[in-house]
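Biologist: I should like to learn how to read a structure of this kind, one feature at a time. Could we begin with a single residue and then proceed to sheets and cores?

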Amino acid sequence: MITPLKAALRYLPLFGLAAALRCAAQLDPWEFEVYPYSTNPRGIAEFETDNAAVVEGHAAGGEGTASGTLRSQGMWYNSYEVTYGLTDRVEAALYLNMAEPAGGGLQWAGDKFRLRGRLFEQETLPVDVGWYVELEWHKTPQYDDAVRELEFRPILEKDLGRFSVMANPKFEKVLAGVGHDQGVEFGYVAGMYYRWARSLSPGLEFYGGAGLIDHADPVGQQQHYLFPVVWGELPRGLEYNFGLGFGLTRGSDHLIVKFNLELERFVGAILRAPPDGGWFF
Amino acid sequence: MDLKHFIVIGLMFSVSGMADPEMMGKTFEIRFESHHFSPQTLEVPANTPLQVRVVNSSRERIEFESFSLNREKVVEPGGSVTLKLPALRAGTYDFFDDFHQDVPEGAIVAK
């Protein structure tokens, strides 16, 4: 029998495909999170806060994770997210993005709405497949010079014993603001996790962005990060993910600390249960 | 490789590997009633794909979850769900009700 580790290595080229493509989209520092195939079940609400603090960043705006006029050094990216399971396969989420620059107060930095779904049942395909569509809007040039952005991600996951490998290649288009007349950007979010114990397990996460599909930035200006993380469940169902992110290029911030917390509760279903055997809804 | 090739290869990879229903293996059943799973220890054959049907015979909503198998499913009162599992290596795999922490944990034992 193939061991999970050998199997993980066999599937790595597939998940590495996204990273190997010669381009990537700008990073979303408000959400250092890798999405799995599974979605919130019908009627379940999840409350989440994602936090990332730039410990060693850049001194000028427009560099590192900063896409606006403010510098990334000392920035705290803080977001609040409510996700609701519309059906057992489709969830909707609303985000509130906040930020606190070094020496400043906490400010509104934008909002996002997204739909995410999963196709078929787990183990039906050799790789579990899901989808993700997001609309982001803000008029906060100090944080981001785009005004409206649309993003699509296929979600890929493969479980191999206690290992899970996930990849979310990102395709992003600026609809309004700086860059609206340009093409589609491509990026990646990916992770490898080992399920060791419910309260504490290790993982590695990868985030990257480098520019337009047909016109990637020079490698030195791209952003690529490696986050060793620990994750697990605390008492009362509170889930956490904590990690240190190391920038791998000159264009990346050098060190980021991230801390995400989430809690899910059944709040009541608004849609009827879909019939058995469905694959989309 | 351009975007078009990436999408085509992905679709071919996915569709060509769709599981044959006859290859999904034997179905085992776990029932939830009176605030307990039954059986609490389910023995299954190792190294062969299988399905586990979780039947909720109680009046409370449960979330059948297995950390080691990475499975999580809400089961409505009177409802059931079927989980597809890959060939398991010999070993013990936990399951529990994530909505009720006082429900005793169970185990799937692959031999």
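Modeller: Let us begin with A:Glu262, bearing in mind that this is a predicted model. A residue counts as buried if 20 or more other C-beta atoms lie within 10 Å of its own, and as exposed if 12 or fewer do. A:Glu262 has 18 other C-beta atoms within 10 Å, so it is partly exposed.

Biologist: In which strand does A:Glu262 lie, and with which residues is A:Glu262 in contact, leaving aside its neighbours within four places in sequence?

Modeller: A:Glu262 belongs to strand β13 of chain A, which covers residues 255-266. Neighbours within four places aside, its contacts are A:Glu46, A:Phe47, A:Glu48 and A:Glu239. Sequence separation and spatial separation should be read independently. A:Glu262 and A:Val82 are 180 residues apart in sequence, yet their C-alpha atoms are 9.6 Å apart in space.

Biologist: How should I read the pairing of strands?

Modeller: Strands of a sheet pair through backbone hydrogen bonds, either parallel or antiparallel. In chain A, strand β4 (residues 107-118) pairs with β5(A) in the antiparallel sense over eight bridges. One may follow a single residue across: A:Arg118 has A:Gly130 as its bridge partner in β5(A). A:Gly130 in turn has A:Ile155 as its bridge partner in β6(A), and β5(A) and β6(A) pair in the antiparallel sense over 10 bridges.

Biologist: A:Ile155 has now been named; what should I know of the largest nonpolar core?

Modeller: In soluble globular proteins, nonpolar side chains tend to be buried together. Here the largest nonpolar core has 32 residues, of which A:Ile155, A:Met166, A:Ala190 and A:Tyr207 touch the most other members. Elements of chain A that give two or more residues to this core are β1 (44-56), β5 (128-137), β6 (146-160), β7 (163-177), β8 (185-194), β9 (201-212) and β11 (223-233). A second, separate core has 19 residues, including B:Phe64, B:Val74, B:Val75 and B:Ile108.

Biologist: Which residues does A:Met166 touch, not counting residues up to four places away in sequence?

Modeller: With those set aside, A:Met166 touches A:Val34, A:Pro36, A:Leu156, A:Glu157, A:Ala190 and A:Gly191.

Biologist: Let us turn to chain B. How many helices and strands does chain B have?

Modeller: Chain B has one helix and nine strands, and the helix precedes the strands when one reads from the N terminus. Of its 111 residues, 23% are buried. Among contacts in chain B between residues at least 6 apart in sequence, 60% join residues at least 24 apart.

Biologist: In what order do the four strands of the open sheet in chain B stand?

Modeller: The order is β2-β1-β4-β7, with mixed pairing. Both β2 (36-38) and β7 of chain B are edge strands with a single partner each, so one side of each has no neighbour in the sheet. From one strand to the next, the twist averages 20 degrees. Within the sheet, β1 (residues 27-33) and β4 of chain B are parallel, with six bridges, whereas β4(B) and β7 (residues 80-85) run antiparallel, also joined by six bridges. B:Gln51 in β4(B) stands opposite B:Thr27 and also opposite B:Lys84 in β7(B).

Biologist: How do I read the two faces of a strand?

Modeller: In a regular strand the side chains alternate between the two faces of the sheet. In β4 of chain B (residues 50-56), B:Leu50, B:Val52, B:Val54 and B:Asn56 point to one face and are buried. B:Gln51, B:Arg53 and B:Val55 point to the other face and are not buried. B:Val52 is also the bridge partner of B:Phe28.

Definitions and conventions: Residues numbered from 1 in each chain as written. Chains lettered and ligands numbered in written order. Predicted model: local features only at pLDDT ≥ 70, side-chain atom pairs only at ≥ 80, totals over all residues. Core = buried A, V, L, I, M, F, W, Y, C linked by C-beta atoms within 7 Å. Contact = placed C-beta atoms within 7 Å. Pairing = 2+ DSSP bridges. Axes fitted to C-alpha atoms, helices over the stretch in contact; angles between N-to-C directions.
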